[in-house]
Amino acid sequence: MNILFVISEVEDLAKTGGLADVGKALPLALKAMGHDVRIVKPYYRDMAHKYQLVNETEEQCLNAGGRQYRFHIKRLELERVPVYCVDYPDYFHRAGLYSDGYQPFDDNGERFAFFSMAALETAKAIDFHPDIIQCNDWHTALCPYFAERDNSGFFKDTRTLLTIHNGAFQGAYPLREIPCLQHDPKLISQTNEYGEINFLRLGVQYASKINAVSPNYASELLTPLGSHHLYQSFFQRRQDVSGILNGCDYSQWDPATDPLLPAHFGPEEISGKTDCKRALQQQFGLEPAPDIPLIGMLCRLTEQKGFGFLLPILEQVLQHRVQLIIVGTGDPGISDELTRVQHRNPAQFVYCNDFSNTLAHNVEAASDFFLMPSLFEPCGLNQMYSLAYGTLPIVRAVGGLADTVIDVSAAPESATGFVFQSPDSSALLHCIRRALLFYYEYPDRFRQVQKRAMQTRFTWQEAAEHYVALYQQALEAPKHCPDRKY
Ligand SMILES: Nc1ncnc2c1ncn2[C@@H]1O[C@H](COP(=O)(O)OP(=O)(O)O[C@H]2O[C@H](CO)[C@@H](O)[C@H](O)[C@H]2O)[C@@H](O)[C@H]1O
């Protein structure tokens, strides 16, 4: 199959979170199955500085909203998968992908509406006729709409898939502020009472198929509570909504070979994990004691990750004999609070305001537990990395976390971690205490669970097989034409 994979982040090239992990691993897995997959992404500033790519084609000219946009297409190969980068410096040569570190850019709607149009123009420019256009999250969710409205005939046999990695970000912007979308009567009819269009909602409406990155998150999107206020839209498309669990890239996340670690280990020989723990404790000035349980947490600092119920009990957790390391950048309010807690508890708690892949691998390897008490979690990759590193996840039973972690008390024979239900501080505190008790009181059982966790597998190959089956379904079904239907 010919697959045009349109995405704003790709691991190794541009990353703010888990979207990038998928942006690399899934295309590579599809390629390994023999499909012709081409990635299209923006040519961001840091990438431009690092790679200084040459133009792949002549200058492209895109006419939209009564304006003319002249852009270039650059190309590189990511392990044999071609990556086409849309080079439009006005929009993409900036520090930051979506924000300057504090504030989102004012023109994000304009930037990504343009990018989605330009991605389709790229397919034409390189004469790549996609069977499937897979777009990812709100940034590229307008691709199905543009493919449907394209009157060149280029996409007449193409089907589209919208993959939702995070439904809370929807791209709702006043239509009048997006120059390339002006004068489109169809879009005018799609605005809400504030004159805004919602990119994700349009994607849900126009895509041939929609998938979430875990089966449980797909079922949550079909509920009023879990749909991020898009219940009507998802419900209307319920026959076409499904879930495919992300994979874990074990070529990058294998503690037996990980070049970023000071020592290596595996399910049968775990002593290297203690060396990793000591190294991290020393790096952050914590007592280098092997028997103090170390809890790690690494994520974007946002409400999604459960800080709303973690922050109020953080110091209660620290009353136990435990060490805790939190690494992350994001919301300054959360970051300030973590800094205050660190000042009050320097012997036990470290907050590291950093985005570092080396640190990510070392926190996963060194910790005994990985904390992920998310409010919602479309899939979650860090809990999969934790499992691979024998770092038992402490998670809330939500989204993909519920699909990937099995609780010690609920199912002792197949357990891989600790799971709590309610999105509140007392449930979280109780779960952390349960984990600490298990660590102290049942070291042999802890070791068994750790071994089982490390042997658990969520492969990208399996995920890619599900995606191909979904592409086939999309291609076999009659073309979805919302403009005729509604
Ligand atoms: N400070 C830091 N330094 C270095 N690396 C850091 C970091 N903070 C986070 N990361 C990395 O970013 C990625 C985070 O991935 P997650 O899937 O856990 O969450 P995220 O919410 O970003 O992704 C969204 O998309 C993914 C992909 O579909 C879904 O799994 C998820 O549920 C959804 O919210 C991991 O690779 C992690 O190591």
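In the predicted model, strands β12 (residues 294–298) and β13 (residues 323–327) pair in the parallel sense over 5 bridges. Within this pairing, L294 stands opposite Q323 of β13. Strand β12 also pairs with β15 (residues 369–372), again in the parallel sense, over 2 bridges. In that case G296 of β12 is placed opposite F370 of β15.

Strand β12 is mostly covered, and 5 of its 5 residues are buried. The cover extends to both faces of the strand. On one side L294, G296 and L298 are buried, and on the other side I295 and M297 are buried.

The surroundings of the ligand were examined next. The shell around the ligand holds 29 residues, of which D21, H165, R300, E377 and G380 come nearest. Sorted by class, this shell has 13 nonpolar residues, 10 polar residues and 6 charged residues. At least three residues of the shell come from domain 1 (2–247 + 462–476), and at least three come from domain 2 (270–456).

Several polar contacts to oxygen atoms of the ligand can be described. In the side chain of R300, an N or O atom is 2.6 Å from an oxygen atom of the ligand. R300 is also among the residues that come nearest to the ligand. For N246, a polar side-chain atom lies 2.9 Å from an oxygen atom of the ligand. G18 takes part through its backbone, with an N or O atom 2.8 Å from a ligand oxygen atom. Taken alone, the ligand exposes 710 Å², and the protein buries 97% of that area. Two elements, α1 (18–32) and α15 (382–388), give two or more residues each to the shell around the ligand. Helix α1 provides the largest share of this shell, with 4 residues.

A further set of results concerns helix α8 and the loop that links α8 to α9. P215 lies in helix α8 (residues 215–221). P215 counts as partly exposed because its relative accessibility is 40%, a value between the limits of 20% and 50%. P215 and I244 are 29 residues apart along the chain, and their C-alpha atoms are separated by 5.8 Å.

The loop between α8 and α9 (231–236) contains H228. The phi angle of H228 is near 55°, which is a positive value in a residue other than glycine. H228 counts as buried because its relative accessibility is 15%, and the buried class covers values under 20%.

H229 lies in the loop between α8 and α9 as well. The phi angle of H229 is positive, at about 70°, although H229 is not a glycine. With a relative accessible area of 80%, H229 is exposed, since the exposed class begins over 50%. Thus, in this loop, H228 is buried, whereas H229 is exposed.

Conventions
Residues numbered from 1 in each chain as written. Heavy atoms only, no water. Near = heavy atom within 4 Å. Polar contact = N/O pair within 3.5 Å; in protein donor to acceptor, adjacent residues only side chain to side chain. Areas by Shrake-Rupley, 256 points an atom, 1.4 Å probe, with all protein chains shown as cover. Nonpolar A, V, L, I, M, F, W, Y, C, P; charged D, E, K, R; others polar. Domains from an automatic or database assignment. Buried < 20%, exposed > 50% of the residue type's maximum accessible area, 1.4 Å probe, protein only. Pairing = 2+ DSSP bridges.
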